[in-house]
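Me: Please take one part of this model and go through it closely. I am new to the structure, so plain wording is best.

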Amino acid sequence: MMQKHRNLYVAVFALFTYAFAWWIFAAPVDQVYWNARYFLSERQADKSVVVVRLDQVSDEADGNSNYYAEVLKSLHKTAPAHVYLDAGIKRGNSALITEIRSWGNRLSLVARVNPTSIAHGTSSVSALDLPDRALAGTAEVLVSGFRVNFWKYVTLAPCSIEVDGQAYRSLAASMAGIGCNRGDFRPDFSIDPVSVQVIDSGALVDGSAKASMLAGRTVLLSTSATSATGTLGYFGHRQQPLVMLDIAAAAGASPRPFVDWRFEIVVILFIFTVWPVRRMNNRWVRWSGYGVGVGIALLGPVAFEHYGLLVGAGSTCVVMVVFGCWRTWSRWRERVIETGNSGLPNFIALGKQKVPTGFNLVVAVIGRYEEFLATLPTDLHGECARQIARRFSVGCRTGEIYHGEGGHFAWLEQDHGADEQLEHFEGLKALFSAPLLVGGHMFDTNVHFGIDRNGQFDTLTRLNTALASASEALKSGRTIEQFEANRLANAPWELSLLARIDEGMRNGDIWLAYQPQWEFAESRISGAEALIRWNDPVRGPIRPDEFILQAERAGRIDALTYWVLEQAISSAEAMNALGSRFQMSVNLSAQLVDKPSLVSATSEIVLRRGIDCRLLTIEVTETASVYNRPAAIKNLLALKAMGFRLSIDDFGTGEASLCYLADLPSDELKLDRRFVSRMTTSDRDCKIVHSTINLAHALGQQVVAEGIEDITTFDMLRRLGCDLAQGYYIGRPETFEQLRARYLSFGRDGVKSFTSC
Ligand code: C2E
Ligand code: MG
Ligand code: MG
């Protein structure tokens, strides 16, 4: 589930990180970016604009008016194209009014707006003291104002500003000769303010300024030309007098309005460029892609600015940093977490792969791999894994071999079809017939394979099933084991077996069946074997060997066995109460036989129940799963000492039944039904049965023959001297009531018997 929505989680996380980082970093990065961008593209100012620095000669308006009138008069002689009087004068005296009138519409009056008073998105201000109409006459009244950012740097200049409901053209718009019905525009901050021609009004009045400097030019007669009257941030050139910003704004004004575009177009372009190349194997292609992405991030805003779109670089830089960190982290993860010490990709990396259609997932396990490693110096472990991977790689013609824990290797390979498959794996196995030579150490290797051919599952599930199959192949010694899809369907049931067994024992779904045993000498039923049964309400009857195996795997066999013992004791007591001696047999799992707790738990039960242990027979089977043989023998001896009879079950099929016979002071030997069922048709089997009976008797053991299904076998065994008979011919495993009824109908003292006997 988590895996399925991983990309979604990553996207949401990235979005939050981006939003957070934007607030913290994007605006400062933008600030640095714009400063650098205009500093690096610095150019000289146009010579058609001249600033005449107006000094305020007195504190009184009248005094200033006289002086400004005098300056204007001097200016007249130089014949400028247009004059902007930016002196903040509201009501001048008659001398100034007369002078202003003499200029007609070649003079404009400028009022300044406090930059912070223009709200973002609007251009309206209120309560601005504009020049009196009497003063302005025919001169146009202009308003100069700017939009500023957090650091009081000018970002945009409005084309017009509304004062108390009436729109006034901005000084910059007027200088650029554009109307007042446009939006904002971006000042051209690349103009070097130092290169703007500035002269003092004093030079004009005393005639020292050359007329040619001003003739035909636009003259800004301004008190805002000194930093004393206020400055604002000018990208690339720190703080500048306001009139310099007017000049930059006029230079940047274009008939096309500027849009402060919040839409992150550069971010999107950046992502579109770097995302597809991030997983390219060719490092040059990858880095070229990243280079293009960075180029877009840094030059994109400049290009967009050219087309009237204001997009910062801050957001893209934030995305770049987030992307860079994420890529570095994932590459580190790939290198460190997804690669083993062998340098081979590990199973985490394989889990992330998509298995192509028609491909199988194969896991190979090297037997005793941990033992090899234990004898090798640590620095050779990687080399050992690489050598093994090379052999697999040659054998299956695949470059990518994944290395897991404990000698597991995996790869994907095309489906060869069931017939070819075994041959192919036998061939691979043959590659390992030559020993491995690692740093002077030589090892014989033994390899087993697990294969998953269930294309419908995801890679991780397939990897796990192939691993399980490989472990089974290793355990069973087979070359290859294949995981069947239906096993996966059973997996939830098997995995919750613990709880189900407990519930089954409580509610009666798990119960004991009893199979009678016939004693030839006394011609009577003298005992029974307790056999567990499970009728699951959903799955129906489950075969004991099937769920006992699961219970053993789940570590639940102890509880099950002690429950069987308790039930069998109750039944044995009930049967013995009927008169003659009745022997009850119970099966002991090979997984339990060597457990230290076996003897104490069993003695606790028999002491509590107060039963004579001699009435109980414990059947044991010798299998490979008896882990600790000496402990098993010790436990069985202790049980015998308590009075239990010991029986060697399935004699002739176990791995070392004769060893058990030699080591264990058993009382009984149960001939497996494989020999018994064939003894009437196979002379060899008959001889085996005969000699086993003789061997058992020679060792003082009783012999029970299992699986007697017909009278011929029954008679034959009686003649051969077998002591006890068990099988469908005498009686199938049945409920306790049925056993009791059968016992009573045959007669507890052997009065009735089989007709043929
Ligand atoms: P087992 O101990 O060798 O039990 C004899 C098996 O042979 C029983 O199978 C029985 O039903 C079957 N059988 C008996 N007579 C005949 C016959 O004439 N013909 C044929 N074809 N089969 C016959 P079941 O009950 O399916 O049990 C299978 C195995 O499960 C048992 O083999 C035993 O190893 C194990 N088992 C059963 N109950 C328990 C238990 O309580 N604990 C443990 N640990 N294992 C148990
Ligand atoms: Mg048995
Ligand atoms: Mg048996």
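Reply: The buried residues of helix H24 are Asp685, Cys686, Val689, Thr692, Ile693 and Ala696. Seen down the axis of H24, these buried residues fall within an arc of 130°, so they line one face of the helix. An α-helix has 3.6 residues a turn, so residues three or four places apart point the same way. The model is a predicted one. In it, H24 covers residues 683–698, and the distance between its end C-alpha atoms, 22 Å, agrees with the 22 Å that its 16 residues should span at 1.5 Å a residue.

The buried residues of H24 pack against three strands, E29 (645–651), E30 (668–671) and E31 (702–705), and against the helices H23 (673–676) and H25 (711–720). On the face turned away from the buried side, H24 carries the exposed residues Asp683, Arg684, Lys687 and Ala698. Just after the helix, glycine 700 takes a positive phi of about 75°.

One of the strands packed against H24 is E29, residues 645–651. Aspartates 649 and 650 belong to that stretch of numbering, and the magnesium ion (ligand 3) is coordinated by Asp649 (OD), Asp650 (OD) and, through two OE donors, Glu706, at 2.0 to 2.5 Å. Along the chain, the donors of this ion follow the spacing D-D-x55-E. Aspartate 649 also coordinates the magnesium ion (ligand 2), which lies 4.0 Å from ligand 3. With 5% relative accessibility, aspartate 649 counts as buried, whereas aspartate 650, at 22%, is partly exposed.

Definitions and conventions: Residues are numbered from 1 along each chain as its sequence is written. Chains are lettered from A and ligands numbered from 1 in the order in which they are written. This is a predicted model: local features need pLDDT of at least 70, side-chain atom pairs count only at pLDDT 80 or more; totals for chains, interfaces and linings use all residues. Side-chain values use heavy atoms; hydrogens and water are left out. Donors are N, O and S atoms within 2.8 Å of the metal (3.2 Å for Na, K and Ca); water is not among the atoms, so sites may look incomplete. Buried means under 20% relative accessible area, exposed over 50%, partly exposed in between (1.4 Å probe, protein chains only). Helices (H or I, at least four residues) and strands (E, at least two) are DSSP runs, numbered from the N terminus. The expected span of a helix is 1.5 Å times one less than its number of residues. The arc is that of the directions from the helix axis to the C-beta atoms. Contact means heavy atoms within 4.5 Å.
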